[in-house]
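Grab a pencil and work through these exercises with the structure open beside you. Try each task before you read its solution.

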Amino acid sequence: MFERHSGSERVLLVSINFGEADYQDSVEELHRLAESAGLTIIGLIEGKRARPDSALFAGSGKVEEIASMVNATEAGVVIFNHALSPAQERNLEQALQCRVVDRTTLILDIFASRAKSAEGILQVELAQLAHLSTRLVRGWTHLERQKGGIGLRGPGETQLETDRRLIGKRVKLLKDRLAKLKQQRGIQRRARSRNRVMSISLVGYTNAGKSSLFNALTHADSYAADQLFATLDTTTRQLFLPDVGELVISDTVGFITRLPHTLVESFRATLEETIQADLLLHVVDAASPMRDKHIIEVNKVLAEIGAASVPQILIMNKIDLCAGTAGIVRDEYGKISEIRLSAKTGAGVAYLRETLAAAKQDFMLPTAQNTQVNIVNNEYHPELD
């Protein structure tokens with residue numbers, strides 16, 4: 001649906017500071033998003049405002065500055081580190097005489113380029129259509145006219161109504177196909193439940209190292225790279241542990257600050273693997289100065305999709321980058337609060353395997369009270385040494 005960016009495309013980034021505490025981190029994240037999309041960043045324009053301008057978001061003076069930079073650098077696209085309304089997007093394109101993209105569209109573009117499975121492709125298209133439909137309703141006033149001409153006359157409906165109807169039909173088709181895939185997964189989950197197979201999902205902020213840990217545990221070859229949203233499609237593998245048998249582990253898409261609501265809704269089917277899991281491994285980049293905030297953001301999304309009550313173990317990954325020590329950390333009650341490891345070097349992965357084996361033994365108990373592992377739920381907020 002959306003035009004994908006080419007690696008040679010030159011883009012200008014724009015970020016307005018409205019006084020948010022995490023403003024600088026959001027700017028760095030925008031850079032990483034643009035790099036993950038394969039774009040050539042030619043500059044960044046920043047500004048401060050008390051509130052967004054209703055027409056141009058950044059205000060007329062700042063837009064003139066952006067326009068000058070666009071002319072001087074011949075930028076093809078301007079990317080705003082914010083969600084723009086359809087009217088603001090249209091007004092900015094008229095003022096800047098180039099394409100304007102907001103944060104939501106950029107993330108959708110990355111997802112579209114990374115989706116590989118049939119389900120992932122369907123979910124991305126559904127999210128794109130949901131985003132596009134808001135542009136139809138609120139922004140495409142030039143389509144509010146009657147169709148005309150030989151071969152173009154419709155049954156008394158405007159072009160906008162036709163577009164809405166076609167999008168509605170496509171959305172229904174996509175949802176029907178995803179519903180069938182959801183039914184298939186439900187059958188697989190019921191089979192695992194009958195066989196008492198424990199289900200584990202890896203969750204966490206994007207680029208926290210989930211896929212690297214998944215590969216370290218399962219010896220799989222899931223794609224892992226130092227970029228945002230390296231993994232989009234959910235991958236599930238069996239993991240065999242000595243003495244306790246096998247369990248099923250899934251690698252899921254990473255979360256991000258201000259994750260577009262349309263993506264959360266569209267990927268709810270895939271995220272059901274997380275909702276239905278018996279245990280979550282919440283992977284955190286221990287070397288990131290924003291690790292505590294990332295934990296909070298992930299837990300917000302987990303609550304939104306109905307997975308807040310699923311037990312989780314905090315996995316502090318990448319200790320090799322912050323001179324950390326591998327091991328299991330317990331709170332004052334003796335409960336496991338986190339496991340520190342490095343999926344890259346393998347340090348501490350054995351501790352995780354031991355913990356999973358104990359969790360599997362508790363899972364097989366009739367009371368399923370987690371007496372051995374005592375896993376802490378996701379209200380825990382870590383403090384690294």
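**Exercise 1. Find the residues with the most contacts inside the largest nonpolar core, and say which elements build this core.**

Solution. Start with the core itself: in this predicted model, the largest nonpolar core has 30 residues. Those with the most contacts inside it are L39, I79, L106 and L302. Next, look for the elements that give two or more residues to it: β1 (10-17), α1 (23-36), β3 (77-80), α4 (103-114) and α10 (291-304). Of the elements, α4 gives the most, with five residues. As background, nonpolar side chains in soluble globular proteins tend to be buried together.

**Exercise 2. Zoom in on I79 and list what it is in contact with, leaving aside neighbours within four places in sequence.**

Solution. Skip the sequence neighbours within four places, then pick out the contacts of I79. You should get V11, L12, L13, V14, L30, L39, V101 and L106. Now look elsewhere: apart from the largest core lies another one, of 27 residues, and its members include I200, A208, L213 and I313.

**Exercise 3. Work out how D176 and K172 sit relative to each other in their helix, and whether each is buried, partly exposed or exposed.**

Solution. First, the link: D176 and K172 form a salt bridge, with their closest N and O atoms 3.2 Å apart. Second, the spacing: they are four residues apart in helix α6 (residues 159-194), so about one helical turn separates them. Third, the surface: D176 has 37% relative accessibility, so it counts as partly exposed. K172 comes out at 55%, and that makes it exposed; the cut-off for exposed is over 50%.

**Exercise 4. Explain what the salt bridge between K318 and D285 ties together.**

Solution. Check the distance: the two side chains meet at 3.6 Å, N to O. Then place the partners. K318 lies in the loop between β9 (312-317) and β10 (327-330), while D285 is in strand β8 (residues 279-285), so the pair ties together parts that are 33 residues apart in sequence. Finally, check the surroundings: K318 and D285 are both buried.

**Exercise 5. Start from K300 and E297 and trace the salt-bridge network they belong to.**

Solution. K300 and E297 form a salt bridge, their closest N and O atoms being 3.8 Å apart. Both sit in helix α10, three residues apart, so roughly "about one helical turn" is the spacing to write down. E297 counts as buried, at 13% relative accessibility. Now follow the shared partners: salt bridges join D22, K293, E297 and K300 into one network. For the full picture, a search of the whole structure finds nine salt bridges.

Methods. Residues are numbered from 1 along each chain as its sequence is written. This is a predicted model: local features need pLDDT of at least 70, side-chain atom pairs count only at pLDDT 80 or more; totals for chains, interfaces and linings use all residues. Side-chain values use heavy atoms; hydrogens and water are left out. A nonpolar core is a set of buried Ala, Val, Leu, Ile, Met, Phe, Trp, Tyr and Cys residues joined through side-chain atoms within 4.5 Å. Buried means under 20% relative accessible area, exposed over 50%, partly exposed in between (1.4 Å probe, protein chains only). Contact means heavy atoms within 4.5 Å. A salt bridge is a side-chain nitrogen of Lys or Arg within 4 Å of a carboxyl oxygen of Asp or Glu.
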